[in-house]
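Got your viewer open? Load the model below and we'll walk through it one selection at a time.

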Amino acid sequence: MSDPIAQVPIERVLVANRGEIARRIIRSCRDLGIATVAVHSDVDATAPYVGEADHAVALAGQPVAAELDVDAIIAAAVDTGCDAVHPGYGFLSENAALPRACERAGLVFVGPGAEVMELMGDKAAAKAVASDAGVPVLDSVDPAGMTTDDVRAAVAAMGLPVLVKAVSGGGGKGMRRVDHLDDLADALAGAAREGAASFGDDRLLVERFLGAPRHVEVQVAGDDHGGAVHLFERDCSIQRRHQKVVEEAPSPALDDDLRARMGAAAVALVAAVGYTNLGTVEFLLDTTGDGSDGANFYFLEMNTRLQVEHPVTEAITGLDLVACQFAIAAGGTVPTVPPHPQGHAIEVRLYAEDVAAGFLPQAGRIRRFTIGHGVRVDAGVEAGSVVTPHYDPMLAKVIAHGDTRDAARRRLVAALGAARVTGIVTNLEHLVDVLRTPAFADGDVTTGFLDDHLPDWTPSPLRPAETAAVAAALAVGAGARGADRSADPWSLLGPWRNGPGGGWSVALGPTPDDSVRWQVTTTAGGWAVRRRDVDEAGPPTSLDVTRRAGDTADGTITMAVDGIEQPPLVADRDGDHVWLSRLGHGSRRLAAPRRVRHVDRVVVPGAASLVAPMPGQVVAVPVAEGDQVEAGDVLVVVEAMKMEHPVTAPGPGTVASLAVDVGDAVVADQVLVEVAVDEDHGDDGDDGENDGENGDDGAATADEDGIDDAS
């Protein structure tokens with residue numbers, strides 16, 4: 001890797017960001033000999049990036065609001081003797097107030113100037129500049145000063161579908177797709193509200209929506225000496241909620257001619273606006289046209305900052321892009337670009353989210369956090385880190401590089417399959433399934449990839465042998481207490497038994513409702529594990545499980561089921577859950593519920609209490625008490641982890657009561673609204689009693705339905 005900086009006149013920098021972003025910048029600063037200052041809210045006081053910086057400053061105020069306080073950021077930089085401020089990506093990285101404040105304070109801002117940031121941060125203005133520079137653009141409507149009816153008429157003339165998006169937006173925030181004119185008003189209101197909340201700007205742009213495009217972006221750099229280059233492209237087509245999930249470089253859709261044309265368009269825009277430092281010009285590549293008119297790609301936006309996915313560009317260029325940023329900020333020139341991409345790189349974003357529940361963000365404490373070998377991991381967390389609802393749910397980026405695209409893909413699949421991430425639900429298994437799809441292997445991806453290929457994704461069912469092995473492991477405490485627990489069940493329960501059966505009952509399943517009861521008893525060589533399906537005719541299935549001696553101290557257990565050795569696994573008991581980590585498959589959460597009585601959420605006639613899906617803030621209550629609603633109508637909107645989560649009516653009925661108002665902070669499962677569901681809707685439900693029973697200490701206890709108690 002070439003060193004882009006002979007000597008940097010910046011000696012101390014404040015990193016105005018958090019998590020993996022801050023850690024990434026701190027890593028390059030350490031290589032460059034630049035001291036670092038971290039800033040943090042109260043909830044991040046013990047975060048890894050804070051400990052890795054040379055100095056840390058606590059910011060007053062609530063999370064997110066604290067990191068957006070420009071005056072506090074500048075004061076921290078001045079007080080700690082910094083020469084510069086690096087904004088990272090996200091937060092203040094595209095807020096022109098920060099570079100202006102840096103200039104007033106005599107600090108170097110590691111990024112573009114305020115004027116060009118404002119210009120390109122305004123999607124409508126940026127689109128006009130791009131068009132003037134000869135870059136193809138999509139048809140659009142600027143709704144400023146127009147009535148809703150006027151916008152509706154303009155959209156009807158332009159044609160559906162359209163995308164409503166916040167002018168100052170980014171990262172999928174403030175964006176709504178509209179397929180029917182009747183949905184336009186709600187989309188305008190929602191996008192404006194989210195734009196105001198996330199960016200302090202409720203202005204909008206309505207743009208023609210391409211049905212099946214690829215999202216291809218070009219990494220660019222400009223300097224104060226007139227230099228302007230592109231560093232090849234990235235394909236970021238696989239997205240959910242308009243946020244990227246998988247990125248790769250170079251794009252498998254581009255040949256040398258198209259790469260040259262898109263690169264030239266991006267560089268023309270850099271030159272037209274006098275852009276300095278690193279940035280990204282994003283395009284939509286129309287996969288339905290033949291490109292004969294030279295206009296099969298269209299300007300989307302310009303990000304005036306480093307991107308989350310920059311590591312794949314680093315992999316194929318051999319450059320440290322953060323070091324390049326410091327070089328340009330210190331008066332240097334753009335980096336020298338290699339003549340061709342060096343191999344292929346793929347990055348996936350590991351999120352704390354439940355994909356099967358609609359990509360619902362998750363919060364909690366991470367117990368284990370390890371990723372397989374042979375890849376780069378840019379993580380903001382580690383084992384023991386707490387994921388809060390205040391920030392974006394991304395935990396880490398995992399990047400694989402290979403001589404070919406398939407080599408990089410296979411390496412990434414192997415690393416994710418060997419990962420152990422427990423304590424919080426993640427999209428780990430979903431990522432593996434994405435990479436394994438034939439379409440992805442062939443490079444056939446568009447922005448509709450997840451809907452086209454994994455529309456109703458759920459975790460793959462565990463084989464009986466795997467759950468049997470987990471049940472046996474839990475019964476002897478292997479996953480709960482570690483090496484200090486005996487592997488002999490007799491030493492756990494004592495020698496006296498009332499009958500010949502003995503053993504434990506372990507209920508396991510992905511969720512409590514899916515739990516299956518397993519009976520574990522001792523045998524001469526290990527355990528007999530019987531599946532006790534009380535609702536099925538015939539004898540329960542039985543599997544002989546043997547544990548191999550010499551298991552590792554980290555809790556790994558190797559078992560043979562019916563004489564067939566199973567891949568190594570780790571079974572961690574965590575309250576009412578078991579985290580099963582299997583070599584080659586990543587981590588999975590299973591339910592091991594105690595005896596509880598809970599409300600069955602099947603919709604039945606009568607009152608229905610709807611609760612918050614996670615901690616957050618109420619941003620909209622579009623109904624009032626007494627309103628008639630239909631199934632799917634939005635009743636309350638909760639914002640959490642930078643996303644809006646609508647709570648909808650389960651069926652036709654009447655809003656009986658509202659327990660919250662706009663601005664209220666709510667906790668998970670807090671009642672938000674009650675709906676009186678119409679009598680002719682819904683199915684009869686049972687009383688919701690779940691009689692799964694386990695002990696609290698990790699070893700499953702005996703129960704009362706046919707398995708003898710120890711005495």
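**The whole chain first**

Count the contacts (heavy atoms within 4.5 Å) between residues at least 6 apart in sequence, and 65% of them join residues at least 24 apart. This is a predicted model, where local features need pLDDT of at least 70 and side-chain atom pairs count only at pLDDT 80 or more, while totals for chains, interfaces and linings use all residues. Residues are numbered from 1 along each chain as its sequence is written, and side-chain values use heavy atoms, with hydrogens and water left out.

Colour by secondary structure and you have 17 helices and 43 strands in the protein; these are DSSP runs numbered from the N terminus, with helices being H or I of at least four residues and strands being E of at least two. Of the 711 residues, 53% count as buried, meaning under 20% relative accessible area, with exposed being over 50% and partly exposed in between (1.4 Å probe, protein chains only).

**Stop 1: α1 and α11**

Select residues 19-32 for α1 and 321-329 for α11: their axes come within 9 Å and cross at roughly 65°. Axes here are lines fitted to C-alpha atoms, for helices over the stretch in contact, and angles run from 0 to 180 degrees between N-to-C directions. The two helices are therefore roughly perpendicular; that label covers 65 to 115 degrees, while under 35 is roughly parallel, over 145 roughly antiparallel and the rest oblique.

α1 passes α11 in a right-handed crossing, which is to say the near helix is turned clockwise from the far one by less than a right angle (anticlockwise would be left-handed). Now show side chains: Arg24, Ile25, Ser28, Cys29 and Leu32 of α1 meet Leu321, Val322, Ala323 and Phe326 of α11. The residues of this contact split into seven nonpolar, one polar and one charged. For that split, Ala, Val, Leu, Ile, Met, Phe, Trp, Tyr, Cys and Pro are nonpolar, Asp, Glu, Lys and Arg are charged, and the others, Gly among them, are polar.

**Stop 2: α3**

Jump to residues 70-79, which make up α3; Val70, Ile73, Ile74, Ala76 and Ala77 are buried there. Look down the helix axis and these buried residues fall within an arc of 160°, so they line one face of α3. The arc is taken from the directions from the helix axis to the C-beta atoms. Flip to the other side of α3 and you find Asp71 and Asp79 exposed.

What covers the buried face? Add β1 (12-15), β2 (35-40), β3 (55-58), β4 (84-86) and α4 (97-105), which are among the elements over the buried residues of α3.

**Stop 3: Gly380 and Val387**

Zoom to glycine 380, in the loop between β20 (376-379) and β21 (386-387). Glycine 380 is buried, with a relative accessible area of 14%. Leaving aside neighbours within four places in sequence, its contacts are Gly19, Glu20, Arg23, Pro48 and Leu395.

Slide along to valine 387 in strand β21, which counts as buried at 9% relative accessibility. Put a distance label from valine 387 to arginine 365: they are 22 residues apart in sequence and 6.0 Å apart in space, C-alpha to C-alpha.

**Last stop: α12 and α13**

Finish by selecting 405-417 (α12) and 428-436 (α13), whose axes come within 10 Å and cross at roughly 155°. That makes α12 roughly antiparallel to α13, and their crossing is left-handed.
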